[in-house]
Amino acid sequence: METEMTLHQAKMNLLRVVDCIRTIDDVQAIQQILANYYAQKAEAEIDRLWDNGTINEQVIEQWGQEHMRTPYNYAQ
């Protein structure tokens, strides 16, 4: 229950920030802050996966050779 309350409080704080947006510059600055935040989180997770051996150069090379495509079913 505490996690839900904390999440609710975090959402309310974000709504207060959004309510203060007055210019496109504000929007762009907030977008850049969020982009940087999530980029840092992704980089930290990639580093963790590299450090524990889940990914390595061979795995990355395999990803580069994959041809994943969305299967489309045109028959209707």
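What follows is a short exchange about a predicted model of one protein chain.

Biologist: How many helices and how many strands are there in the protein chain?

Modeller: Read from the N terminus on, the elements of this predicted chain run α-α-α. That order agrees with the totals for the protein chain, which are 3 helices and 0 strands.

Biologist: What radius of gyration does the protein chain have, beside that of a compact globule of 76 residues?

Modeller: The C-alpha trace of the protein chain spans about 45 × 45 × 35 Å along its principal axes. A compact globule of 76 residues would have a radius of gyration near 11 Å, whereas the value for the protein chain is 20 Å.

Biologist: What share of the 76 residues in the protein chain is buried?

Modeller: The area that the protein chain exposes comes to about 7,600 Å², with 57% of it supplied by carbon and sulfur atoms. A residue counts as buried when its relative accessible area is under 20%. Among the 76 residues of the protein chain, the buried share is 3%.

Biologist: Is E57 buried or exposed?

Modeller: E57 lies in helix α3, which covers residues 57-65. Its C-alpha atom is separated by 42 Å from that of Q9, a residue 48 positions away along the chain. The cut-off for an exposed residue is over 50% relative accessible area. Because the relative accessibility of E57 is 66%, this residue counts as exposed.

Biologist: How far apart do the centres of the positive and negative side chains lie?

Modeller: The protein chain carries 6 positive side chains and 12 negative ones. Taking each set by its centre, the separation between the two is 9 Å.

Notes:
Residues numbered from 1 in each chain as written. Predicted model: local features only at pLDDT ≥ 70, side-chain atom pairs only at ≥ 80, totals over all residues. Heavy atoms only, no water. Helix = DSSP H or I, 4+ residues; strand = E, 2+ residues; numbered from the N terminus. Buried < 20%, exposed > 50% of the residue type's maximum accessible area, 1.4 Å probe, protein only. Rg over C-alpha atoms; globule rule 2.2 N^0.38 Å. Areas by Shrake-Rupley, 256 points an atom, 1.4 Å probe, with all protein chains shown as cover. Lys, Arg positive; Asp, Glu negative; His and termini not counted. Charge placed at Lys NZ, Arg CZ, Asp CG, Glu CD.
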